[in-house]
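Me: Please give me a close look at the metal site. Then work outward from there to the rest of the assembly.

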Amino acid sequence: MTSTIFFQQLINAISLGSLYGLVAIGYTMVYGILRLINFAHGDLLMFAAYVAIYMGALTVFPWYLSFPAAILATGILGILLDRAAYRPLRDAPRISLLISAIGASFLMQNLALVIIGGVPKAFPRPEVFDRVITLFDVRIQVLAIYTPIITIILLLGLLFIVYRTKVGKAMRAASKDFETTRLMGINVNAVIAMTFFLGSTLAAAGGLMWAMRFPQVNPFMGVFPGLKAFIAAVVGGIGNIVGAVIGGFILGLGEILIVAFVPQLAQYRDAFAFVILILVLLFRPTGIMGEPITDKS
Amino acid sequence: MPAPFLSPERNMPMFLKIEKLVMQFGGLTAVDSFSLELQPGELVGLIGPNGAGKTTVFNMVTGTYKPSAGKIHWLDQDITGLPVHQITAKGLARTFQNVRLFAEMTVLENVMVSMHITLQASFWKAMLGLPHYRKEERRIRDEALEYLRELGLAHLADEKASSLAYGQQRRLEIARALATKPRLLLLDEPAAGMNPLETKDLAQLVREIRDKYGLTVLLIEHDMKFVMGLCERIKVLDHGITIAEGTPSEIQSNPHVIKAYLGEPKHA
Amino acid sequence: MTRDRVKLVLNILALLLLFSILYFFDRYGSPYHVRILNNMGIFITLAVSYNLVNGYCGVLHLGPNAFIAIGAYTSSLLTMSPLEKQMNFIIEPLMWPLSVLQAPFSLSLICGGVAAALFAFLISFPVFRVRGDYLAIVTLGFGEVVRVLCNASQSVTNGPLGLKGLTPHTNLWWSWGIAVLTLILVVRLVNSSYGRAMKAIRDNEPAAMAMGVNPFRHLLMAFLISAFFCGVGGGLLAHLITTISPTLFTFFLTFNLLIIVVVGGLGSTTGAVLGAILFAWGGEALRVVESPMNLGFMTLPGIPGMRMVLFSVILMLVIIFMRRGIMGHREFSWDWILDKLQRKEAELKKP
Ligand SMILES: Nc1ncnc2c1ncn2[C@@H]1O[C@H](COP(=O)(O)OP(=O)(O)OP(=O)(O)O)[C@@H](O)[C@H]1O
Ligand SMILES: [Mg+2]
């Protein structure tokens, strides 16, 4: 492998990894508070992508208006998701919650299939992201460079909210213990809604960048990024925001570099993430940055 | 460690011997250097204010927690860190402070679960409904009923465990522990939530089952009247440290104990 | 007559009734009805064995599709003749012992079950190291890994092309015979001391351990038995539809089983049976919403995905508003009916 190709692959891997990381944050935040794998999280990516497509096609909005609108809409969908599928089950066994999440995920995918149809739609890539630049003799799409930068900016913004604001403090309190948080006079449901909103907007940002990277949007496009991002969250240590991003990078790098070095493994690519997951659970169940897994009772 | 030449224990089989157990959770030392020896047939109390580390001692002895340091010997065997179910099989049974019944199962079934370790027939015999299995099943059912009768719960055998009154649930916990056929019974606050009458009956019951089944009993309890009236020997923990040990009358007059409890008059 | 005698007679009567229904449809039923009945039988086998792990042990296992796939491929590769295999494997030949082995259908089903159970055994260690959501995601992962392997191992599974032209061995006798057998064995197991140990783990694992129950041993037992019957069910399925490929064994299949056991009532074998019957029947009945509808003056186009929308909505409604499903932890049994009757009688006798 020449060094140019390697460099190209490396950039590619970093940008994929940061996408996984961005989506993983939402999983990790929701898991931190509800101890729930929000199965429908991946489908928020699909929702955001479709909203952006239709906003662009049906209105005269340029991308810098339609993208934020899509992100906002997804954030609101996240809140609705919690309200409809998870909130009625706050006191139910966790297995019920997880089943509801799986149902919600299938519902979103198949609703999209019914409403929009299964034929993939092309995602119009705004020109700003479409340019190709040459860096050290390597031609690189700017999107691949923007993606990690945007991820880092969003991550810093989120960390600011979580660690420097009142809402963030309430979120951290709720992830430790509902009862105490409630006793402190905090509306736990509002905190959870906020968590879903933030996680979903990040998923939407991830979804838009995903759709620009693989510009074929279909109702099931969120399944694999979703699963892999969840695995990234586990690898990084579930409940830990920075860990989620690190886990995302590990997964993205691993996936692309393994295939780059050992092309025969290309067809096993989608299994790679699960192998990593199983190894992590076997040897370091708490992930890289995680605290011990405890049952919040 | 060489035993002293004329140690009186030399020829006695070691029953339960706990040596310098330590349990740390992160920075917190919940139990520090806890030692205890039990002789067969004893009835010993473990007391101390809330958070003293009493339940943690039980959790270490029964294998739920792996001690950070120290050793537990049981009948000349080192059982430190063995899995919970193996320790139970060796004859140590417990009840839980916060009742942990099998809520969806009947009272009888709750006790029958404990008899599962005594089952000889393998699972395929159960699946095929072979006579060997059916005989075992009948035996388990009859014996389980026997334990329920002992605890005065036989008339509730077919009720759902979660439908019992609180005091009955505590009794069922004891029946369930007895059904594992233990030699050492660990009771974690058996009288909690009981009224004075029930508590009195309970003391009587503990004595009875000890005599009938030849048990040794180690119990945690906040009800001082109960403990002082029932136990032959008492150990007092505070903040994980053993602060006193002795007969009930010694404990009652021990200045350290009085001081430890003064902060919490409601238990004194 | 004693209670046991009465129950024996009732059981025989029920089997005779089932036999005559099957006989009737076998002779006079339309292919459409026969297909639905076959699906019912197979879904009963799959759901009852899936429920053993999810309902009785209380762990959310999301990988039965892997077991079904393994059973389906194993059994199909065994019933195909060497010549059929040659014609199927055009890209890469089937690897050696498999290319010459051939077995009768019954043996192939058993081999399918054993292969699935073997796989379950291999993955059991990582799976049961964790609980709750982690266990769910790990089993889902193994399901996905198996699908990827089916796609990639050209010389064993024929990759994405799959296996075509299997002999349609599965008929009503096979599908329902296995269903009844599975039902009897699983019911006996869950009502035995082993089943009680499993339910104890479900209700309170720390307490079960403190009562001497070894959780790993019993979870493994349930997992292996469940995998075995899922594998057998996979073999039946393969020889019913006669064409299999990796796309058949995605998470979607697991999702269907999950709907069945949740709607029927997690932890109720009767519920699993009811759920399977409803699903096989409802799934067909709802096909109308996906096919074009002719209203005489105009034709409404079919809406693909509509069935799944309905199914997901049903799943969510049940889990939110009727968490216990149709049956809850209750079971239909002769004892239950006889008790009721006796009570009625006693009431009537009272003055
Ligand atoms: N799993 C655990 N993780 C962290 N800390 C623990 C754990 N279990 C117990 N502790 C801590 O160890 C200390 C001792 O707890 P323990 O339950 O043994 O007290 P106790 O004497 O039984 O009190 P009580 O009378 O209230 O039951 C407490 O400070 C408790 O918070
Ligand atoms: Mg305690």
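Reply: A residue counts as buried under 20% relative accessible area and as exposed over 50%; partly exposed is in between. Keep in mind that the model is predicted.

Start at the magnesium ion, ligand 2. Its protein donors are Thr55(B), through OG1, and Gln97(B), through OE1. They lie 1.9 to 2.1 Å from the ion. Thr55(B) belongs to helix α1 (residues 54-61) of chain B. Gln97(B) sits in the loop between β6 (92-94) and α3 (107-114) of chain B. The pair therefore ties together parts that are 42 residues apart in sequence.

How open are the two donors? Thr55(B) has 23% relative accessibility, so it is partly exposed. Gln97(B) has 31%, so it too falls in the partly exposed class.

Now the chain around the site. Chain B is assigned domain 1 (1-91 + 182-268) and domain 2 (103-179). The C-alpha centres of these two domains are 28 Å apart. Across the boundary, 18 residues of domain 1 of chain B contact 11 residues of domain 2 of chain B.

Two cation-ring arrangements occur in this chain. The charged end of Arg176(B) sits over the ring of Phe102(B), at 4.7 Å from the ring centre. The charged end of Lys235(B) sits over the ring of Phe34(B), at 5.4 Å from the centre.

His132(B) is worth a stop. This histidine lies in helix α5 (residues 131-150) of chain B. Its relative accessible area is 35%, so His132(B) is partly exposed. Outside its neighbours within four places in sequence, His132(B) contacts Gln120(B), Ala121(B) and Lys125(B). From His132(B) to Glu150(B) is 18 residues along the chain and 27 Å between C-alpha atoms.

Asp76(B) has a backbone feature to check. Its phi is positive, about 65 degrees, although the residue is not a glycine. Most residues other than glycine have a negative phi. Asp76(B) lies in the loop between β4 (69-74) and β5 (77-78) of chain B. At 56% relative accessibility, Asp76(B) is exposed.

Next, the packing. The largest nonpolar core has 265 residues. Those with the most contacts inside it are Tyr86(A), Phe123(A), Leu172(B) and Leu62(C). Helix α9 (residues 188-213) of chain A gives the largest share of this core, 15 residues. The core also draws at least three residues from each of domain 1 and domain 2 of chain B. A second, separate core has 26 residues, including Met60(B), Ile79(B), Leu92(B) and Ile220(B).

Follow Leu62(C) in the largest core. Which residues of chain A does Leu62(C) touch? They are Phe39(A) and Ile102(A). Within chain C, Leu62(C) touches Tyr50(C), Ala136(C), Thr139(C), Leu140(C), Phe251(C), Thr254(C) and Leu258(C), setting aside residues up to four places away in sequence.

At the level of chains, 2 pairs touch, and the most contacts are between chains A and C. Chains A and B share no contact; their closest C-alpha atoms are 11 Å apart.

Aromatic pairs come to 33 over all chains. One of them joins Phe24(C) and Tyr28(C): tilted, 5.5 Å centre to centre, with 50 degrees between the planes. Both rings belong to helix α1 (residues 3-28) of chain C, 4 residues apart, about one turn of the helix. Phe24(C) is partly exposed, with 45% relative accessible area. Tyr28(C), at 56%, counts as exposed. In chain A, ring pairs link Trp63(A), Tyr64(A), Phe67(A), Phe123(A), Phe129(A) and Tyr146(A) into a cluster. Phe123(A) also appears among the residues with the most contacts inside the largest core.

Finish in a loop of chain C, between α12 (215-241) and α13 (251-264). Thr242(C) lies there. Its phi is positive, near 65 degrees, and the residue is not a glycine. Pro246(C) is found in the loop between α12 and α13 as well. At 2% relative accessible area, Pro246(C) is buried. Beyond its neighbours within four places in sequence, Pro246(C) contacts Tyr73(C), Arg147(C), Cys150(C), Asn151(C), Gly159(C) and Pro160(C). Pro246(C) and Val186(C) are 60 residues apart in sequence and 29 Å apart, C-alpha to C-alpha.

Definitions and conventions
Residues numbered from 1 in each chain as written. Chains lettered and ligands numbered in written order. Predicted model: local features only at pLDDT ≥ 70, side-chain atom pairs only at ≥ 80, totals over all residues. Heavy atoms only, no water. Core = buried A, V, L, I, M, F, W, Y, C linked by side-chain atoms within 4.5 Å. Buried < 20%, exposed > 50% of the residue type's maximum accessible area, 1.4 Å probe, protein only. Helix = DSSP H or I, 4+ residues; strand = E, 2+ residues; numbered from the N terminus. Domains from an automatic or database assignment. Contact = heavy atoms within 4.5 Å. Donors = N, O, S within 2.8 Å, 3.2 Å for Na, K, Ca; no water. Phe/Tyr/Trp six-rings, centres within 6.5 Å; stacked < 30°, edge-to-face > 60°. Lys NZ or Arg CZ within 6 Å of the ring centre and 35° of its normal.
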